[in-house]
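Please examine the sequence and the structure shown below before reading on. The paragraphs after it explain selected features one at a time.

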Amino acid sequence: MDKYIDLHLHLDGAVTPDIARKLAKMQNIALPEDEEELKKLLTVQEDCQSLTEFLKCFDLPLSLMQTAEGLREAVRLVADNIRSQGVIYAEIRFAPQLHTQKGMTQEDAVNAALEGLRKTELKANLILCLMRGEGNEEQNEETFRLAKKYLVEDGGVVALDLAGAEALFPTAGYKDIFKRVKEAGIPFTMHAGEAAGPESIKAALESGATRIGHGVRAYEDPEVVKLIKDKGIVLEMCPTSNRQTHAIPDMSKYPLVEYLNQGIKVTLNTDDMGIEGTTLAEEYRYMEKGFGLTIEQKKILLGNAIDAAFTTQEVKEQLRKTIV
Ligand code: ADE
Ligand code: ZN
């Protein structure tokens, strides 16, 4: 089996219908019995027009992760699932503030996810997401506090992220908090250049991000492309997600291979495999069949992912040995 590394995978977005059934059963939560109906609720519809619409699909998976048991088992099941598909290392991200609907604190949520991590054999780490939004400043501060408290170099919480509706809440509005994240020495990535343009990527770079979630729209401003290249910024690209959210107007011009050819440090990831109905293996096939990604380029993508992983040099060495 081919081996893969996923640096950009949202826990809630990685819940497949099968995992949803397991989580619902253990918590006595009712789900539609009909498979097609469940699939319809969990996966993005053909007519999805934007990231903002896409993000509405997360209500159901999130409702299954509002208890420590649900969240712990979700981490374990998602990790086991991707391991069975050839993933050898993953950074699983989630927003603790989205798991407090039934009384868990954000810290309970972090602890539950850490327990799930200990129960899987997949080599994986956690990234905590701050959320774009209005009126959730305190929640973001709490997530930041927890990242400081739980940060490790490997085997737990290794970084922060900024997720949510980029078109509604611009990246520039998060400069202050990420400046403090940087000062605290916490590694971080930020979603940018997905539902907003290159100015959003610029704002993320000004905040000190070294990895960018997506960054697909960089091509709209050659200066931003140059900045990404010159600074050695890593792009966490997720093509099926970008197609479904209409991140770019013409998918036949998807720039992943072009960015690679320009020497940008691109990685290939799933984003929300459950909602999208994809796997990382399928994303590779998509790029191979649709865009002529070569075996050599596949190796570069994997090498970039290892170099960019938020983990120790020892783990990276181990991963390098595993993929040859
Ligand atoms: N949360 C889950 N998927 C996301 C995406 N593609 N962009 C921003 N936030 C997300
Ligand atoms: Zn994402």
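The text that follows considers a metal site, then a helix, and then contacts of aromatic rings.

The model is predicted. In it, the zinc ion (ligand 2) has four protein donors, namely His8 (NE2), His10 (NE2), His191 (NE2) and Asp271 (OD), lying 2.1 to 2.2 Å from the ion. Along the chain, these donors follow the spacing H-x1-H-x180-H-x79-D. Histidine 8 belongs to strand 1 (residues 4-10), whereas aspartate 271 is found in the loop between strand 8 (265-268) and helix 13 (273-276); the pair therefore ties together parts that are 263 residues apart in sequence. Histidine 8 has a relative accessible area of 0% and is buried; aspartate 271, with a value of 2%, is buried as well. The geometry of the site is irregular, because the 4 donor atoms subtend angles of 85 to 167 degrees around the zinc ion, and a tetrahedral arrangement would require all angles to lie between 85 and 135 degrees.

Attention now turns to helix 5. This helix comprises 17 residues (68-84), which at 1.5 Å a residue should span 24 Å; the end C-alpha atoms are 24 Å apart, so the expected and modelled spans agree. Its buried residues are Gly70, Leu71, Glu73, Ala74, Val75, Leu77, Val78, Ala79, Asn81 and Ile82. In an α-helix there are 3.6 residues a turn, so residues three or four places apart point the same way. The buried residues of helix 5 pack against strand 1, helix 1 (17-27), strand 2 (87-94), helix 6 (106-118) and helix 13. Strand 1 also contains histidine 8 of the zinc site. After helix 5 comes glycine 86, whose phi is positive, near 105 degrees.

Aromatic rings provide a further set of contacts. The whole structure holds 5 aromatic pairs. One of them joins phenylalanine 178 and phenylalanine 188, with 5.1 Å from centre to centre and 40 degrees between the planes, a tilted arrangement. Phenylalanine 178 lies in helix 8 (residues 175-183) and phenylalanine 188 in the loop between helix 8 and strand 5 (189-192), 10 residues apart. Both phenylalanine 178 and phenylalanine 188 are buried. In another pair, the ring centres of tyrosine 286 and phenylalanine 291 are 6.0 Å apart and the planes meet at 70 degrees, so this pair is edge-to-face. Tyr286 and Phe291 form one aromatic cluster together with Tyr254.

Charged side chains also meet aromatic rings. The charged end of arginine 211 sits over the ring of phenylalanine 310, 3.8 Å from the ring centre. Likewise, the charged end of lysine 298 sits over the ring of tyrosine 284, at 5.4 Å from its centre.

Definitions and conventions: Residues numbered from 1 in each chain as written. Chains lettered and ligands numbered in written order. Predicted model: local features only at pLDDT ≥ 70, side-chain atom pairs only at ≥ 80, totals over all residues. Heavy atoms only, no water. Phe/Tyr/Trp six-rings, centres within 6.5 Å; stacked < 30°, edge-to-face > 60°. Helix = DSSP H or I, 4+ residues; strand = E, 2+ residues; numbered from the N terminus. Buried < 20%, exposed > 50% of the residue type's maximum accessible area, 1.4 Å probe, protein only. Lys NZ or Arg CZ within 6 Å of the ring centre and 35° of its normal. Donors = N, O, S within 2.8 Å, 3.2 Å for Na, K, Ca; no water. Tetrahedral: all angles 85-135°; square planar, octahedral: opposite > 155°, others 65-115°. Expected span 1.5 Å × (residues − 1). Contact = heavy atoms within 4.5 Å.
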